[in-house]
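Let's take a walk through this structure, one region at a time. Keep the 3D view open and follow along.

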Amino acid sequence: MKRVVVGLSGGVDSSVAAYLLQQQGYEVIGLFMKNWHDDSVTISNECPWLEDSNDALLVAEKLGIPFQTVDLSEQYQEKIVDYMFSEYEKGRTPNPDVLCNREIKFDVFMKIALSLGADYVATGHYCRKGEIEVNGKKVYQLLAGVDNNKDQSYFLCQLSQEQLSKALFPIGELTKPEVREIAAQMELVTAEKKDSQGLCFIGKVRLPEFLQQKLQPKEGTIIQIDKNDSVYSYEMQNELSVEEQLLFASRKIPYTPKMGKIMGKHQGAHYFTVGQRKGLNVGGTTDPLFVIATDVETNTIYTGLSSMHPGLFKKALFIEKSEVHWIREDLALANGESMEVMARIRYRQPLQKATLHQFENGMYVSFEEPQSAITEGQFAAWYLGDELVGSGVIS
């Protein structure tokens with residue numbers, strides 16, 4: 001009998017995952033990961049992890065499976081929180097959920113599970129795992145969840161073949177309403193529970209307050225750049241190579257404070273991210289202002305009017321060589337090769353037509369349609385059909 005450890009988060013998805021595995025004849029163990037101690041930055045007074053671990057315990061009792069809590073807050077602090085602070089300090093916007101899966105759930109947590117004699121680790125992610133043979137070798141596929149509205153394959157875009165080989169995603173074939181229905185039939189305490197928001201395990205955290213603990217506020221100016229500024233009217237040189245054209249299309253536009261007008265003050269460029277419109281506190285403009293660039297060196301925020309401002313759009317992005325990750329290693333591109341894919345640059349974004357171009361120093365992803373708010377530090381993920389084959393950090 002195969003043994004599987006389920007990461008019970010106290011939510012409905014992982015609860016139903018545990019139940020389904022039990023139905024499939026696995027020996028199931030429930031583990032709750034505690035990843036956060038610091039209550040000074042949670043939004044409300046209730047203690048989210050206590051409530052969640054309690055719900056996880058009740059589900060385990062209901063299913064009659066062994067349950068324990070593991071405290072991973074030290075590893076979480078080191079691998080996720082410290083990394084987030086250092087990225088924000090550099091003016092980048094990290095994605096803690098993607099990292100949490102790569103570094104915590106399918107690494108630290110998986111090692112604990114395997115030490116308990118588990119054959120697999122299961123989570124309540126809306127995605128599926130496929131298995132094919134390539135040149136006589138077993139290869140695992142990461143496939144989108146059946147529920148288009150809830151597909152979470154993006155969050156697992158950094159997993160490796162090794163990690164996938166030991167992973168199970170029991171609810172990937174179901175839709176959210178079906179999952180809730182099973183939980184209700186089983187009278188699981190989590191059946192009606194709202195989906196959790198916020199950083200993957202930190203619970204309800206206000207990001208600015210969270211960042212302010214480590215990143216000191218410093219006052220800087222908010223500059224507005226006119227949409228007709230000459231910086232946007234350039235002619236593409238015909239004699240440029242493909243690589244030069246891509247470099248140009250993905251480049252950072254060299255804004256300077258002189259190019260625009262001062263609209264107000266902010267408390268630190270590192271608190272802001274490209275595409276953001278809330279929190280600028282600048283009134284009196286016809287359309288909302290959007291952040292089009294931040295400069296942590298000069299502590300300046302550049303903004304533009306409306307979501308159609310040309311400063312928000314780019315046709316290409318670049319991923320450094322060391323940051324290019326293929327789940328399907330057999331499909332990895334060699335220098336000079338390209339591949340047509342569907343790609344996304346954030347979790348909820350509909351897939352976009354794109355072409356990957358691999359060069360010596362890294363990979364360009366060039367989109368058919370210009371993309372809004374391509375953000376440094378976030379992950380671009382690319383798909384062939386409903387299979388996520390690779391990803392990388394936008395540089």
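Before we start, a word on naming: helices here are DSSP runs of H or I at least four residues long, strands are E runs of at least two, and both are numbered from the N terminus. Keep in mind, too, that this is a predicted model.

Let's begin with helix 3, which covers residues 73–89. On the surface you'll find a patch of negative charge, made up of D71, E74, E78 and D82. Which helix gives the largest share of that negative patch? Helix 3 does, with three residues. One residue of the patch to click on is D82, which sits in helix 3. With a relative accessibility of 35%, D82 counts as partly exposed, because that value falls between the 20% cut-off for buried and the 50% cut-off for exposed.

Now for some charges that do find a partner. In general, side chains carrying opposite charges can pair when their charged atoms come close. Searching the whole structure turns up 17 salt bridges. One of them joins K79 to E103, with 3.6 Å between the closest N and O atoms. That pair ties together distant parts of the chain: K79 belongs to helix 3 and E103 to helix 4 (residues 96–115), and the two are 24 residues apart. Is each end buried or partly exposed? K79 is partly exposed at 26% relative accessible area, while E103 is buried at 17%, which is under the 20% cut-off.

Next, look at K90 and E87. They form a salt bridge too, and here the closest N and O atoms lie 3.7 Å apart. K90 is exposed, with a relative accessible area of 53%, whereas E87 is buried, with just 3%.

Staying with helix 4, find D107 and K111, whose side chains meet in a salt bridge at 2.5 Å from N to O. Why are these two about one helical turn apart? Because they are four residues apart in helix 4. K111 is exposed, at 55% relative accessible area. Elsewhere, D52, D55 and K193 are joined into one network by salt bridges that share partners.

Let's move on to the strands. Strand 5 (residues 127–134) pairs with strand 6 in the antiparallel sense, over eight bridges. Together, strand 5 and strand 6 make a hairpin with two residues between them. In the turn, N135 has a positive phi of about 50 degrees. If you want a spot to check the pairing, go to V134: its bridge partner in strand 6 is K137.

Strand 6 has a second neighbour to trace. Two bridges join strand 6 to strand 18 (residues 387–393), and these strands also run antiparallel. Here L143 has E387 in strand 18 as its bridge partner. So why is strand 6 (residues 137–144) largely enclosed by the rest of the structure? Because six of its eight residues are buried.

One last stop is F359, which you'll find in strand 15 (residues 352–359). F359 counts as buried, at 14% relative accessibility. Compare its place with that of G311: the two are 48 residues apart in sequence, and their C-alpha atoms are 26 Å apart in space.

Definitions and conventions: Residues are numbered from 1 along each chain as its sequence is written. This is a predicted model: local features need pLDDT of at least 70, side-chain atom pairs count only at pLDDT 80 or more; totals for chains, interfaces and linings use all residues. Side-chain values use heavy atoms; hydrogens and water are left out. Buried means under 20% relative accessible area, exposed over 50%, partly exposed in between (1.4 Å probe, protein chains only). Two strands pair if DSSP finds at least two bridges between them. Patches are made of residues with over 30% relative accessible area and no salt bridge: like charges are joined within 9 Å, nonpolar side chains (Val, Leu, Ile, Met, Phe, Trp, Tyr) within 5 Å. Accessible areas come from the Shrake-Rupley method with a 1.4 Å probe; for residues, only the protein chains shown count as cover. A salt bridge is a side-chain nitrogen of Lys or Arg within 4 Å of a carboxyl oxygen of Asp or Glu. Lys and Arg count as positive and Asp and Glu as negative; His and the chain ends are not counted. The place of a charge is taken as NZ of Lys, CZ of Arg, CG of Asp or CD of Glu.
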